[in-house]
Amino acid sequence: MYSFKEKIVVVTGAAQGLGAAMAKRFLEDGAAGVALLDMNSETLKATTTQLDPDGTRTLAMTCNVAESQSVEEAFKQVMDRFEKVDILINNAGITRDTLAHKMTVEQFDSVVQVSLNGAFYCVQQVINGMKEREWGRIISLSSLAARGNVGQSNYSAAKAGIIGLTKTLALELASKNITVNCIAPGLINTDIIKTVPDKQMEVFLKTIPMHRLGEPEEVANLAAYLASDEAAYISGQCIKIAGGLQ
Ligand code: NAD
């Protein structure tokens, strides 16, 4: 457990999966406010109500991170309610897997737009405030697929882009006590991996040294650590959480 007392957290893609697990963890660790952003309004509402039934510490905002206008509007609401953002978790992401020669421009663009452009739009909303207060944490979800993965040229490019974005921001913001890191999960037990065919999953499980999927709570543990004061000297890193896969 860490203490995020007085901290305001924004988690994108928070309606389910890793985003919901991270939002839950920050609430459990005492965050003063957690804004949950997602484009799936229904699931978002249900998750937020489950995490914080009386809504005293949460704000659920329907937001499409792929659209800068939508991000701007969502952060305006976050500021109206909580007045600042201390911790940003860029988690929203999608997959549109197919081999590169079959991939449509729409499939390529949509994946990059959500994961990479979306992260940048959110970062732009928070950095001035973090710089003024001289404290901040920016954590983005990359992936083990950043090193290349058959059928994922769009996703690999987006997730490798997250690493470049992270390293650059870390350099630009270090003097203001703002750390910027990313998390690269292997296979974690959420809906996003449900498109992996069973046979392929069997192969994957054999190659993972721990022979199991990761759990969303395990990723949330890492996010909480990176956001804590205990990780104050860690910045510009991409940390793999993949059951022993390198
Ligand atoms: P998930 O599909 O369960 O959840 C993703 C959430 O993002 C959903 O609630 C969805 O509605 C939301 N979302 C999608 N597009 C959005 C948009 N344009 N604007 C706002 N919200 C949007 O996936 P997950 O497994 O929880 O993945 C979370 C992140 O972790 C993603 O960035 C993913 O690429 C990354 N990741 C996951 C795994 C894994 O094995 N689960 C592995 C590596 C990386």
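This is a short talk on the fold, the surface and a few side-chain pairs of one protein model.

The model is a predicted one, so please keep that in mind throughout.

I will start with the overall layout. The protein has seven helices and seven strands. Reading from the N terminus, the order of elements is β-α-β-α-β-α-β-α-β-α-β-α-α-β. The radius of gyration is 17 Å, and the globule rule gives 18 Å for 246 residues, so the protein is as compact as a globular protein of that length. For the dimensions, the C-alpha trace spans about 45 × 40 × 35 Å along its principal axes.

Next, packing and surface. Of the 246 residues, 51% are buried. If we take contacts between residues at least 6 apart in sequence, 73% of them join residues at least 24 apart. The exposed area of the protein is about 11,900 Å². Carbon and sulfur atoms supply 52% of that area.

Now the charges. There are 23 positive and 27 negative charges in the protein. The mean position of the positive charges and that of the negative charges lie 5 Å apart. How many salt bridges does a search of the whole structure find? It finds nine, and I will go through some of them.

The first one I picked is within a helix. Glutamate 28 pairs with lysine 24, and their closest N and O atoms are 2.9 Å apart. Both residues sit in helix α1, residues 17-28, and they are four residues apart, about one turn of the helix. Are these two side chains buried, or partly exposed? Glutamate 28 is partly exposed, with a relative accessible area of 44%. Lysine 24 is also partly exposed, at 41%.

The next pair is arginine 133 with aspartate 86. Their closest N and O atoms are 3.7 Å apart, and the pair forms a salt bridge. Arginine 133 belongs to helix α4, residues 105-133, while aspartate 86 is in the loop between α3 (68-82) and β4 (87-90), so this salt bridge ties together parts that are 47 residues apart in sequence. As for accessibility, arginine 133 is partly exposed at 34%. Aspartate 86, by contrast, has a relative accessibility of 3%, and the cut-off for buried is under 20%, so aspartate 86 counts as buried.

A further salt bridge links glutamate 218 and arginine 212, with the closest N and O atoms 2.8 Å apart. Glutamate 218 is partly exposed, its relative accessible area being 29%. Arginine 212 is partly exposed too, at 37% relative accessibility. Going back to aspartate 86 and arginine 133, there is also a network to mention: salt bridges that share partners join Lys84, Asp86 and Arg133.

The last residue on my list is serine 140. Where does serine 140 lie? Serine 140 is part of strand β5, which covers residues 136-141. Its relative accessibility is 2%, so serine 140 counts as buried. Leaving aside residues up to four places away in sequence, serine 140 touches Asn90, Ile162, Asn181, Cys182 and Ile183.

To recap, this is a predicted model with seven helices and seven strands. The salt bridge between arginine 133 and aspartate 86 joins helix α4 to the loop between α3 and β4, and serine 140 is buried in strand β5. That is the end of the talk.

Conventions
Residues numbered from 1 in each chain as written. Predicted model: local features only at pLDDT ≥ 70, side-chain atom pairs only at ≥ 80, totals over all residues. Heavy atoms only, no water. Helix = DSSP H or I, 4+ residues; strand = E, 2+ residues; numbered from the N terminus. Rg over C-alpha atoms; globule rule 2.2 N^0.38 Å. Buried < 20%, exposed > 50% of the residue type's maximum accessible area, 1.4 Å probe, protein only. Contact = heavy atoms within 4.5 Å. Areas by Shrake-Rupley, 256 points an atom, 1.4 Å probe, with all protein chains shown as cover. Lys, Arg positive; Asp, Glu negative; His and termini not counted. Charge placed at Lys NZ, Arg CZ, Asp CG, Glu CD. Salt bridge = Lys/Arg side-chain N within 4 Å of Asp/Glu carboxyl O.
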